Amino acid sequence: MPKMVLAGIEIEVDEDGFIQDPDKWNEAVAKALAETEGVTELTEDHWKVINYLRQYYLQFGIAPMIRKLCKETGFTLKQIYDLFPSGPAKGACKIAGLPKPTGCV
């Protein structure tokens, strides 16, 4: 399994750079992951999405469907893509420290 050093922590990732152990995630790791996704600054809106994704994942063990993400955060899909140019699954879930989603986020 490949490893990356993010915010000074060596973390196992999959072939697409998704963290394999969500417990290794912290805000510094999120900022380091954001840079790999071309997001140079994490705003309050980014954190709203990231925190929702993490809370949902920790509660249900999966990433939420995109419709639920939009409804619960109040953002449109376009706004999500504006925040995370690589998309909610690849960008937002990766930055939130979730394993690669198997469904559609």
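In which loop is the place of Ala-7? In this predicted model, Ala-7 belongs to the loop that runs between β1 (3–6) and β2 (9–12). Although Ala-7 is not a glycine, its phi is positive, at about 55°. The relative accessible area of Ala-7 is 42%, so the residue is classed as partly exposed, a category that lies between the buried limit of 20% and the exposed limit of 50%. A positive phi also occurs just after α5, where Gly-97 adopts a value of about 80°.

The packing of two helices is considered next. Helix α2 spans residues 44–60 and helix α3 spans residues 66–73; their axes lie 10 Å apart and form an angle of about 125°. The two helices are therefore oblique to each other, and their crossing is right-handed. On the α2 side, the contact is made by Lys-48, Val-49, Tyr-52, Leu-53 and Tyr-56, while α3 contributes Lys-68, Leu-69, Glu-72 and Thr-73. Classified by residue type, this contact of α2 with α3 comprises 5 nonpolar, 1 polar and 3 charged residues.

The largest nonpolar core contains 32 residues, of which Leu-42, Val-49, Ile-50, Leu-53, Phe-84 and Ile-95 touch the most other members. Two or more residues of this core are supplied by each of α1 (27–36), α2, α3, α4 (77–83) and α5 (88–95). Helix α2 provides the largest share, with 7 residues. Val-49 and Leu-53 are thus named among the core residues that touch the most other members and also take part in the contact of α2 with α3.

Helix α5 has 6 of its 8 residues buried, so this helix is largely enclosed by the rest of the structure. The buried positions in α5 are Pro-88, Gly-91, Ala-92, Cys-93, Lys-94 and Ile-95, and these residues pack against α1, α2, α3 and α4. With residues up to four places away in sequence excluded, Ile-95 touches Trp-25, Ala-30, Leu-33, Ala-34, Glu-37, Val-39, Leu-42, Ile-50 and Phe-84. Among these partners, Leu-42, Ile-50 and Phe-84 are listed with Ile-95 itself as core residues that touch the most other members.

Pro-88, also in helix α5, has a relative accessibility of 3% and therefore counts as buried, the limit being 20%. The C-alpha atoms of Pro-88 and Asn-26 are 19 Å apart in space, with the two positions 62 residues apart in sequence numbering. A contrasting environment is found for Pro-85, which lies in the loop between α4 and α5. The relative accessible area of Pro-85 is 52%, so this residue is exposed under the criterion of over 50%. Pro-85 and Glu-12 are 73 residues apart along the chain, and their C-alpha atoms are separated by 24 Å.

Two further residues of helix α2 were examined, Arg-54 and His-46. Arg-54 is buried, with a relative accessible area of 11%. When residues up to four places away in sequence are not counted, Arg-54 touches Pro-22, Trp-25, Ala-96, Gly-97 and Leu-98. Gly-97 in this set is the residue with the positive phi just after α5, and Trp-25 is touched by Ile-95 as well. Between Arg-54 and Ser-86, the separation is 32 residues in sequence and 18 Å from C-alpha to C-alpha.

His-46 is likewise buried, at a relative accessible area of 6%. Apart from its neighbours within four places in sequence, His-46 is in contact with Val-39, Glu-41, Leu-83 and Phe-84. Of these partners, Val-39 and Phe-84 are also touched by Ile-95 of α5. His-46 and Ala-28 stand 18 residues apart along the chain, and a distance of 14 Å separates their C-alpha atoms.

Conventions. Residues are numbered from 1 along each chain as its sequence is written. This is a predicted model: local features need pLDDT of at least 70, side-chain atom pairs count only at pLDDT 80 or more; totals for chains, interfaces and linings use all residues. Side-chain values use heavy atoms; hydrogens and water are left out. Axes are lines fitted to C-alpha atoms, for helices over the stretch in contact, and angles run from 0 to 180 degrees between N-to-C directions. Helices (H or I, at least four residues) and strands (E, at least two) are DSSP runs, numbered from the N terminus. Angles under 35 degrees count as roughly parallel, over 145 as roughly antiparallel, 65 to 115 as roughly perpendicular and the rest as oblique. A crossing is left-handed if the near helix is turned anticlockwise from the far one by less than a right angle, and right-handed if clockwise. Contact means heavy atoms within 4.5 Å. Ala, Val, Leu, Ile, Met, Phe, Trp, Tyr, Cys and Pro count as nonpolar, Asp, Glu, Lys and Arg as charged, and the others, Gly among them, as polar. A nonpolar core is a set of buried Ala, Val, Leu, Ile, Met, Phe, Trp, Tyr and Cys residues joined through side-chain atoms within 4.5 Å. Buried means under 20% relative accessible area, exposed over 50%, partly exposed in between (1.4 Å probe, protein chains only).
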